[in-house]
Amino acid sequence: MPTITLPDGSERALDEGATAGDLAAAIGRRLNKDAVIADVNGIQRDLTAPLADGDRVAIFTSQSDEGLFTIRHSTAHVLAQAVLDLFEGATFAIGPPVENGFYYDFLLPEDPDGTPRTFTPEDLDRIEVRMREIIGEAQPFVRDELTDTRAREVFADHPFKLEIIDGEADDPTSVTEPGRVRTYENPPAKPKELQPFHGYDGFVDLCRGPHVPDTSRFLGHFKLMRVAGAYWRGDEHRPMLQRIYGTAWATKADLDAHLHQLEEAAARDHRKLGTELDLISFPTELGAGLAIWHPKGGIIRKQMEDYSRARHERGGYDFVYTPHLANGRLFAESGHLQNYHDDMYPPMELDNGEYYPKPMNCPMHVLVYRSRQRSYRELPLRLFELGTVYRYERSGTLHGLLRIRGFTQDDSHIFCTPDQVVDEIASLLQFILSVLRAFGFDDFEAKLSTRPESKSLGSDENWKAAAAALRSALEREQLPYTVDEGAGAFYGPKIDIDIRDAIGRTWQLSTIQADFTTPERFGLEFVAADGSRQRPIMIHRALFGSIERFFGVLLEHFAGAFPTWLAPIQARVLAVRDDHEDYAAAVVSRLRAAGIRVDADPADEKLGNRIRKAKLEKIPYVLVVGDDDVAAGSVGVNPRGGDVERGVALDAFTERLHGEIAEHSRASASTTVTTNS
RNA sequence: GCCCGGGUAGCUCAGUCGGUAGAGCAAUUCACUCGUAAUGAAUAGGUCAGGAGUUCGAUUCUCCUCCCGGGCUCCA
């Protein structure tokens with residue numbers, strides 16, 4: 001007897017003889033929605049065939065994860081068909097759905113002079129036109145199954161498809177797990193002799209489905225976004241293909257909302273705002289991936305650092321300082337030269353060895369620990385440093401402040417006994433979340449990363465013990481987490497904390513890494529209560545991750561409108577006329593004496609223009625002073641994002657501002673952790 | 001590192017089918033003295049990213065390098 005899964009997840013049995021198409025229509029009417037997709041047996045799309053015993057039908061709405069997956073996946077096929085129609089001799093590889101859309105990889109024939117043909121922006125326009133024609137033609141998606149012999153004939157001109165047929169390449173389009181649509185994952189259990197096969201109107205693609213019923217249904221709300229190079233199978237030693245990215249949605253409103261979100265993100269870009277607000281810059285004279293901080297950026301950074309130091313001081317950390325360079329012997333002992341060499345700047349040759357800029361602070365902190373004999377009474381020993389490191393990131397990966405070559409980590413290494421490690425990581429999680437909340441973030445998700453397949457140090461037991469410690473701390477704090485197999489650092493597994501920003505993007509910032517390996521390599525010991533020598537466990541953690549990256553994320557999160565406690569200029573005083581300047585100067589010095597960061601813009605331009613400039617600089621408070629204020633000792637308060645208030649007593653304003661700034665420290669002093677769902 | 005696209009004044013950009021460049025904003029000066037998002041005028045500002053080649057002549061064409069953006073890959 002066939003069974004059906006409804007959008008609410010419930011299941012029920014069906015009469016034989018019904019078709020998926022009948023069902024979808026009936027269910028759609030019941031749900032009061034036309035946009036319903038039926039999926040038979042997880043792979044098949046044939047709405048007209050009667051259902052048979054054992055068939056499983058799933059019905060979902062077009063805006064569910066499954067529905068969007070189906071729509072994006074089907075649109076990718078339309079893209080492939082359009083490209084093959086328009087470009088003689090083009091061959092195609094894979095085209096899976098991804099977050100917000102889909103892509104498809106192609107290889108175009110070489111030009112007569114031997115140069116590889118590439119897609120241009122004009123090509124994308126042509127392709128989009130052809131795609132809309134195909135959609136208008138309502139071509140059905142028809143499923144067929146071929147033997148691999150026959151499939152090799154069908155795809156004889158498409159070597160990448162042949163690799164998939166021969167099982168030498170995974171086809172990510174076979175990943176049908178809802179909501180997880182990453183490439184190169186979950187290799188399909190393919191029957192060797194029977195290849196799934198979809199074809200329509202002369203265009204044939206290798207695929208497992210599911211698809212929409214025909215190209216006219218649910219498709220059309222898409223846009224081709226860009227073309228980029230991508231290696232076949234993600235391997236830089238394989239051919240570089242041309243990848244076309246598109247976005248696709250169930251409705252026009254969803255598509256428009258997505259495009260609007262992209263504009264919003266572009267307007268918040270930290271590189272753009274960093275320049276506009278005169279916070280940071282990347283002079284080409286400095287070299288790639290290196291930033292300088294201007295005075296206003298410097299104020300914000302100092303606030304961040306001051307706050308961080310204050311919290312760490314209260315949190316029981318000891319402050320250390322270590323140099324930017326070290327003899328290569330240190331990095332040989334730590335394992336960095338073997339495992340991290342590609343990311344390190346080259347050494348400086350000196351009389352007594354090679355000196356490397358440090359890519360991490362850990363070896364230096366280990367030396368602090370090892371500088372004398374340690375007792376269990378000292379543990380956990382928490383060493384903290386705002387440590388600047390240099391990593392030779394590959395040039396193509398650099399991205400403003402978010403991926404940079406010289407950066408400062410708010411880095412800590414905690415040395416503790418094996419008994420202490422779970423408690424310590426659990427309280428670390430609380431500490432980290434509390435500090436992140438103080439900066440206006442409240443939506444977190446954790447990721448646990450386990451041992452990499454290559455380039456790692458230490459025994460399996462140690463790795464397992466470390467991962468278990470991280471896992472139990474996560475569970476104790478009830479922080480939702482996912483597991484990322486093989487993504488750990490070379491010395492141990494790690495927890496990464498993702499935060500979600502004001503427009504819903506996630507950023508990976510904080511990291512906690514449990515390390516049983518480094519203490520062994522460096523022969524670290526402490527004297528236990530019974531007098532025996534024991535090995536401590538080392539916890540690496542960065543809270544902001546890096547000051548630069550955190551600052552970049554904050555800048556985008558607040559769209560440049562930093563909260564008052566962080567704002568480089570908290571208030572600006574504007575005299576209405578020249579003869580109010582003396583009073584304006586008095587207001588400035590009163591506020592400055594009260595610890596407010598304040599400046600003035602003299603009255604040689606119209607008031608309206610000076611207000612406009614202050615607003616563009618996103619200054620939290622604009623204070624306008626004129627005749628009334630001189631007489632009454634007041635100010636006109638024009639707050640960012642609020643209503644103008646005339647005649648506010650200066651003392652009252654100062655108090656209000658102090659209150660606002662203090663509220664931040666009160667709110668963040670609490671270390672209570674509440675889990676988000 | 002690889003693929004694609006770029007680099008013109010502090011910023012955003014126009015322009016030169018090869019004859020060494022222009023706007024708006026910003027800056028400076030002057031005038032205006034104005035109560036909540038753009039007052040007017042004048043001045044100054046550029047080895048057209050850097051280097052080499054072709055040419056009578058290169059910002060423009062070619063090549064190389066550097067830097068930036070979007071991806072691949074990687075990461076704090």
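Trainee: When do two strands count as a pair?

Mentor: The criterion rests on the bridges that DSSP finds between the strands of a structure, here a predicted model. For two strands to pair, the number of bridges between them must be at least two.

Trainee: In what order do the strands of the open sheet of 8 strands stand?

Mentor: This open sheet has mixed pairing. Read across the sheet, the order is β15-β19-β20-β27-β24-β23-β21-β22.

Trainee: Which strands stand at the edges of the sheet, each with a single partner strand?

Mentor: A strand with a single partner has no neighbour in the sheet on one side, so such a strand stands at an edge. This applies to residues 318-319 and to residues 481-484. The two edge strands are therefore β15 and β22.

Trainee: In what sense do β19 and β20 pair, and which residue of β20 does L383 stand opposite?

Mentor: Strand β19 covers residues 381-390 and strand β20 covers residues 406-416. Ten bridges, written as 10 bridges, join them in the antiparallel sense. Within this pairing, the residue of β20 opposite L383 is H413.

Trainee: What angle does the direction of helix α12 make with that of β27?

Mentor: Helix α12, residues 421-438, packs on the sheet. The strands that α12 touches are β19, β20, β21, β23, β24 and β27. Between the direction of α12 and that of β27 the angle is about 10°.

Trainee: How are the lining residues of the largest cavity divided into nonpolar, polar and charged?

Mentor: The whole structure holds 3 cavities of 30 Å³ or more, and the largest has about 120 Å³ of space. Its lining includes L277, F562 and I569, as well as K296, E617 and K618. The division of the lining is 8 nonpolar, 1 polar and 3 charged.

Trainee: Which residues are closest to the centre of the second largest pocket?

Mentor: This pocket has a volume of about 1,000 Å³, and 39 residues line it. Strands β20, β23, β24 and β27 each supply at least two residues of that lining, which divides into 13 nonpolar, 13 polar and 13 charged. Closest to the centre are Y340, M360, R391, K494 and Q513.

Trainee: Is L6 buried or exposed?

Mentor: L6 lies in the loop between β1 and β2, and its C-alpha is 6.3 Å from that of A58, although the two are 52 residues apart in sequence. A residue counts as buried under 20% relative accessible area. Because its relative accessibility is 5%, L6 is buried.

Definitions and conventions
Residues numbered from 1 in each chain as written. Chains lettered and ligands numbered in written order. Predicted model: local features only at pLDDT ≥ 70, side-chain atom pairs only at ≥ 80, totals over all residues. Heavy atoms only, no water. Helix = DSSP H or I, 4+ residues; strand = E, 2+ residues; numbered from the N terminus. Contact = heavy atoms within 4.5 Å. Axes fitted to C-alpha atoms, helices over the stretch in contact; angles between N-to-C directions. 1 Å grid on protein atoms, 1.4 Å probe; cavity = no way out; pocket = protein on both sides within 12 Å on 5 of 7 lines; lining within 4 Å. Points joined across faces, edges and corners; volume = space filled by probe spheres on them. Nonpolar A, V, L, I, M, F, W, Y, C, P; charged D, E, K, R; others polar. Buried < 20%, exposed > 50% of the residue type's maximum accessible area, 1.4 Å probe, protein only.
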